[in-house]
Amino acid sequence: MSYENMDCKKRLVKSRSGLKIVRLDDEPTSPFEIREPFWVPDGESPSCAHCHTKFDFLTRRHHCRRCGNVFCNPCCDNKLPLPRMSFVDPVRVCGDCVEVTKKENDFYEKHLKVLISGANFNLDEDNGSGTLIPLFCCVSKDHQAIMFDGGNMWQHNPVPLVDIVSVRVLGSSSSAGATQIAGAVIRFLDFKKDEKEIRLCLADIPNRKQSASWIHGLQKALKFVDPSAKTP
């Protein structure tokens, strides 16, 4: 399957929370996407969920688009982008959801861009005992899978992010005594649901910083796909 050429036609819809871009088949546009929360009914919320101020004609109810709870305006006056819910414009978020939303946005603005841009590695097929194969890795533009380009020396099908079991960072000590990223072991399930692994090495890589950032971003991505995922 070519993830880069998947026909994912999208449409603009208006939900009760704001304008969104969704797929025509209503499937998630990304493995990082989360559904809109259930809105707590107004009738079940006589007071603000945070400060407990009672609602009346002057104190109006406002729903947080991230958690769905009901708040007064001072407790829910933040407007932030919510790319995980595919909103086009910034939406109202309560104070309790600000920090988690900012962390999610930091992933989209920084780490996801690095993952899509890709990085160079050396493939270690024999666990350090064989020849290293130059390899370029990137996440597909639809965020669905890791793509590999080893030229004529090595080919591999894309690995869906949802099939990744773990990303283990390999470290090495520098002359100053600090531990640096030397590579990573990506464990995943193949089409038979057998566990496989790909070992990436940073040895002799010109831009080690970009490659190390890519591994770090992949660890964060795995947490977004599966919050219980282990990234030792």
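## Exercises on a predicted model

The structure holds zero disulfides (a disulfide being a pair of cysteine sulfur atoms within 2.5 Å). This is a predicted model, in which local features need pLDDT of at least 70, side-chain atom pairs count only at pLDDT 80 or more, and totals for chains, interfaces and linings use all residues. Residues are numbered from 1 along each chain as its sequence is written, and side-chain values use heavy atoms, with hydrogens and water left out.

**Exercise 1.** Explain why Cys72 and Cys97 form no disulfide with the closest cysteine sulfur.

Solution.
- Step 1. A disulfide is a covalent bond between the sulfur atoms of two cysteines.
- Step 2. For Cys72 the closest cysteine sulfur belongs to Cys51, and at 3.7 Å it is too far for a bond.
- Step 3. For Cys97 the closest one is in Cys94, 3.6 Å away, again too far for a bond.
- Step 4. Buried means under 20% relative accessible area, exposed over 50%, and partly exposed in between (1.4 Å probe, protein chains only). Cys72 counts as buried because its relative accessibility is 5%, and Cys97 counts as buried at 9%.

**Exercise 2.** Describe the overall make-up of the protein: its helices and strands, its buried share, its contacts and its exposed area.

Solution.
- Step 1. There are two helices and 13 strands. Both kinds of element are DSSP runs numbered from the N terminus (helices: H or I, at least four residues; strands: E, at least two).
- Step 2. Of the 232 residues, 42% count as buried.
- Step 3. Contact means heavy atoms within 4.5 Å. Among contacts with a separation of 6 or more, 45% come from residues 24 or more positions apart.
- Step 4. The protein exposes about 13,200 Å², and carbon and sulfur atoms supply 50% of this area. Accessible areas come from the Shrake-Rupley method with a 1.4 Å probe; for residues, only the protein chains shown count as cover.

**Exercise 3.** Work out how strands S1 and S2 are paired.

Solution.
- Step 1. Two strands pair if DSSP finds at least two bridges between them.
- Step 2. S1 covers residues 10-15 and S2 residues 18-23; six bridges join these strands, which run antiparallel.
- Step 3. Within the pair, Val13 stands opposite Lys20 in S2.
- Step 4. Two residues lie between S1 and S2, and the strands form a hairpin.

**Exercise 4.** Trace the salt bridges of Arg84 and Arg187.

Solution.
- Step 1. Side chains of opposite charge can pair when their charged atoms come close. The criterion is a side-chain nitrogen of Lys or Arg within 4 Å of a carboxyl oxygen of Asp or Glu. Seven salt bridges are found in the whole structure.
- Step 2. One of them links the side chains of Arg84 and Glu104, at 3.1 Å from N to O. Arg84 lies in the loop between strand S5 (78-80) and strand S6 (91-93), while Glu104 belongs to helix H1 (residues 95-117), so the pair ties together parts that are 20 residues apart in sequence. Both Arg84 and Glu104 are buried.
- Step 3. Arg187 forms a salt bridge with Glu195, with the closest N and O atoms 2.6 Å apart. Glu195 counts as partly exposed at 42% relative accessibility, and Arg187 is partly exposed at 27%.
- Step 4. Arg187 also forms a salt bridge with Glu197, at 2.4 Å between the closest N and O atoms. Glu197 is in strand S13 (residues 195-201) and Arg187 in strand S12 (residues 179-189), so this pair ties together parts that are ten residues apart in sequence.
- Step 5. Salt bridges that share partners join Arg187, Glu195, Glu197 and Arg199 into one network.

**Exercise 5.** Locate Asp163 and Gln210, and list their contacts beyond four places in sequence.

Solution.
- Step 1. Asp163 sits in the loop between strand S10 (159-160) and strand S11 (164-173). Its relative accessibility is 16%, so Asp163 counts as buried.
- Step 2. Asp163 touches Arg187, Phe188, Leu189 and Lys193.
- Step 3. Gln210 is in helix H2 (residues 208-225) and counts as partly exposed at 26% relative accessibility.
- Step 4. Gln210 is in contact with Val114, Ser117, Gly118 and Ala119.
- Step 5. Gln210 and Gly118 are 92 residues apart along the chain, with their C-alpha atoms separated by 8.4 Å. The side chain of Gln210 reaches the backbone oxygen of Gly118 at 3.0 Å.

Technical notes. Polar contact = N/O pair within 3.5 Å; in protein donor to acceptor, adjacent residues only side chain to side chain.
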